[in-house]
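Biologist: Please show me the model, and then we can go through its fold and its aromatic rings.

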Amino acid sequence: MSQINYPPQHIAIIMDGNGRWAKKRGLPRIAGHQAGGNNIRPTFQSLINYGVKYLTLYAFSTENWNRPKTEVSGLIHLLTQKIDRETENLHKNNIRLIHIGKTNKLSIKLQQKLSAAISLTKNNTAFTLCLAFDYGGRDEIVQATKRIIDAGLSSAELDETVFSQYLFTSGLPNPDFIIRTGGENRLSNFLLWQASYSELYFTPVLWPDFNQKEIEKALIEYEHRKRRFGAI
Ligand code: IPE
Ligand code: IPE
Ligand code: MG
């Protein structure tokens with residue numbers, strides 16, 4: 001493991017390529033999602049070792065409901081399984097779990113499991129794992145706008161800082177580094193507001209194959225980026 005002198009504080013990953021990973025092996029798509037799910041723990045463990053503090057994972061977009069029913073229910077089942085099997089481990093390791101996105105389409109039982117895991121880990125301080133599930137950047141902005149209207153804010157009271165406080169990501173730093181695996185060069189509705197000055201990294205490596213060596217490659221690339229934020 002090489003030394004990384006300037007790790008990003010917050011990394012966000014668009015975990016794409018599970019379906020193609022499975023197809024290449026003649027397996028059903030859900031086997032790719034399982035393999036992708038198994039890559040989550042090694043990823044955050046490695047990022048913790050590099051000094052990263054926040055990881056946001058794009059697991060299910062508001063558009064992913066348009067997939068075949070069996071795939072959608074497989075992904076929801078996987079989420080349930082992960083919460084059941086990983087919450088204790090997160091808590092033991094002082095990791096806080098949070099969620100961004102909608103929960104209203106999930107079963108009441110799953111909503112309860114998710115909120116129990118979030119509340120169990122809410123005071124943990126070593127690392128924050130933010131799960132984007134049923135998340136869409138446009139939806140987030142619309143939901144924020146509705147809450148602002150409902151709160152009765154006047155136009156004079158609204159600025160970027162206040163607006164940010166109504167987003168799902170309220171309280172989180174913006175992602176410094178957004179990684180997309182799987183070879184597509186787009187955001188697919190991920191963190192549209194928060195990505196304004198994120199460094200973007202696209203790799204053809206499929207998510208289940210995105211290992212320690214690939215993480216290191218990405219972090220070395222990040223170290224070479226010059227972030228100007230519009231200044232000189
Ligand atoms: C990403 O993998 C996971 C989700 C969107 C849930 P895909 O399922 O999109 O994999 P590809 O893009 O078809 O290979
Ligand atoms: C983006 O992947 C969403 C997640 C990784 C959860 P998609 O596979 O859904 O994106 P598109 O359809 O290729 O843009
Ligand atoms: Mg995809």
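Modeller: From the N terminus on, the elements run β-α-α-α-β-α-β-α-β-α-α-β-β-α. This is a predicted model, in which local features need pLDDT of at least 70 and side-chain atom pairs count only at pLDDT 80 or more, while totals for chains, interfaces and linings use all residues. Residues are numbered from 1 along each chain as its sequence is written, and side-chain values use heavy atoms, with hydrogens and water left out.

Biologist: How many helices and strands does the protein have?

Modeller: Helices (H or I, at least four residues) and strands (E, at least two) are DSSP runs, numbered from the N terminus. The secondary structure comes to eight helices and six strands.

Biologist: What radius of gyration does the protein have?

Modeller: The radius is taken over C-alpha atoms, and the globule rule is 2.2 Å times the number of residues to the power 0.38. For 232 residues, a compact globule would have a value near 17 Å; the protein agrees with this, at 18 Å.

Biologist: What percentage of the residues in the protein is buried?

Modeller: Buried means under 20% relative accessible area, exposed over 50%, and partly exposed in between (1.4 Å probe, protein chains only). Of the 232 residues, the buried ones make up 47%.

Biologist: How many aromatic pairs does the count come to?

Modeller: Rings of Phe, Tyr and Trp (its six-membered ring) pair if their centres lie within 6.5 Å; planes under 30 degrees apart count as stacked, over 60 as edge-to-face and the rest as tilted. By this rule the count comes to 12.

Biologist: Why does the pair of Tyr58 and Phe190 count as stacked, tilted or edge-to-face?

Modeller: Tyr58 and Phe190 have ring centres 4.3 Å apart. Their planes stand at 10°, so the pair is stacked.

Biologist: How many residues apart in sequence are the parts that Tyr58 and Phe190 tie together?

Modeller: Tyr58 lies in strand β2 (residues 54-61), and Phe190 lies in the loop between β5 (177-180) and β6 (199-202). Tyr58 is buried at 7% relative accessible area, and Phe190 is buried at 0%. The parts tied together by this pair are 132 residues apart in sequence.

Biologist: Is Trp193, which pairs with Phe163, buried or partly exposed?

Modeller: Phe163 and Trp193 are stacked, at 4.8 Å centre to centre and 25° between the planes. Phe163 lies in helix α7 (residues 160-164) and Trp193 in the loop between β5 and β6. Phe163 is buried at 11% relative accessibility, whereas Trp193, at 28%, counts as partly exposed.

Biologist: Which residues do ring pairs link into a cluster?

Modeller: Tyr58 and Phe190, the stacked pair above, both belong to it. The cluster consists of Tyr58, Tyr135, Phe168 and Phe190.

Terms used:
Chains are lettered from A and ligands numbered from 1 in the order in which they are written.
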